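Trainee: I should like to learn how the features of a protein model are read. May we look at one together?

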Amino acid sequence: MIPIQLTVFFMVLYVLESFIIIVQSCLTVAVLGIEWAQVKRMSPVDMILISLSFCRFCLQSSSMLYNFCSYFYPDLVVWYISVIWEFTNTLSFWLTSLLAVVYCVKVSSFTYPIFLWLRWRILRLVPWLLLGSLLLSSVTIIFSAIRNHIKMKLFSMAHLPRNNTVVERLKFTLHNFMIFQHLVLLTVPFLLFLASTILLISSLSQHLGQMQHHSTGYSNSSMKAQITVLKSLTIFLIFFTSYFLTILIATIDGLFAKSAWFWMWETIIYALVSLHSISIMLSNPKLKKVLKVRCWDLETA
């Protein structure tokens, strides 16, 4: 049992991290949106970044609402907030995997025909891939609605004995839905992200070998681009792994139910999300310039 002071400490950290993520998301949307309004066009990577930032804003807002409502008022029905959170959470996975795939195809130095074909095609397909990510994520709304309907049924049967056959069947169905929704629906984007990261590592290693024999300005600039992207993907790979472990443990054992351990784990996860957002902003020239200006203003103030 964790002392109440430590629980409050993790809650405060979670709130601070949530506000940081919200500010990061708003800043990204504002900077890229203003540039879009000025030049009347937007790059495919910027499209993904704006979509991901807006998705994270909604995700973090719904996360705060749902976590605090369900923690302090466990009998309060907040299923509609959980549906929003699950939808935006799945969408953020797909958008992040799409960003990783685009970076991999754009930055990697592979000359295989399939990569050359993707490099020529994928940037044109980004708007359609964003729409596909939205449609795939919408599937979670159906499963969330069914799962919450089962929860309401169980809540209405609270007066029945725990070993009642109908109650046991509903609990079994609810458990299977949770496993399918939290694991299966996130596995595909996770594998896409993982494959892109591994391919980037392979490309970076191959490029390092080539640089030992040929040291040119182009090779150095290409290497810097790959290292920047690789750092961003590595940080979020840690987040993905941590998140999957959380879902797996919570689904099987319920260790991180609404308790002090839950707030500690939420703090760890969203700290990684915030770090990943910072790494993305630093890897984007326009966002990095704004961050430098803001930091300079704070230093001179």
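Mentor: Let us begin with the idea of a surface patch. Patches are made of residues with over 30% relative accessible area and no salt bridge, and nonpolar side chains are joined within 5 Å. The model before us is predicted.

Trainee: Which residues make a nonpolar surface patch here?

Mentor: Leu125, Trp128, Leu129, Leu131, Leu134 and Leu135 make a nonpolar surface patch of about 580 Å². One of them, Leu135, lies in helix 4, which spans residues 113-156.

Trainee: Does one call Leu135 buried or exposed, and why?

Mentor: A residue is called exposed when its relative accessible area is over 50%, and buried when that area is under 20%. Leu135 counts as exposed because its relative accessibility is 54%.

Trainee: Why does Ser25 count as buried?

Mentor: The relative accessibility of Ser25 is 5%, and therefore this residue counts as buried. Ser25 belongs to helix 1, residues 4-39.

Trainee: With which residues is Ser25 in contact, leaving aside its neighbours within four places in sequence?

Mentor: With those neighbours set aside, Ser25 is in contact with Ser53, Arg56 and Phe57. In addition, the side chain of Ser25 reaches the backbone oxygen of Ser53 at 3.4 Å.

Trainee: How many helices and strands are there in the chain?

Mentor: The chain has 8 helices and 0 strands. Of its 301 residues, 43% count as buried. The chain exposes about 16,700 Å², of which carbon and sulfur atoms supply 73%. Among contacts between residues at least 6 apart in sequence, 78% join residues at least 24 apart.

Methods
Residues are numbered from 1 along each chain as its sequence is written. This is a predicted model: local features need pLDDT of at least 70, side-chain atom pairs count only at pLDDT 80 or more; totals for chains, interfaces and linings use all residues. Side-chain values use heavy atoms; hydrogens and water are left out. Patches are made of residues with over 30% relative accessible area and no salt bridge: like charges are joined within 9 Å, nonpolar side chains (Val, Leu, Ile, Met, Phe, Trp, Tyr) within 5 Å. Accessible areas come from the Shrake-Rupley method with a 1.4 Å probe; for residues, only the protein chains shown count as cover. A salt bridge is a side-chain nitrogen of Lys or Arg within 4 Å of a carboxyl oxygen of Asp or Glu. Helices (H or I, at least four residues) and strands (E, at least two) are DSSP runs, numbered from the N terminus. Buried means under 20% relative accessible area, exposed over 50%, partly exposed in between (1.4 Å probe, protein chains only). Contact means heavy atoms within 4.5 Å. A polar contact is a pair of N or O atoms within 3.5 Å; within protein, one must be able to donate a hydrogen and the other to accept it, and residues adjacent in sequence count only if both atoms are side-chain atoms.
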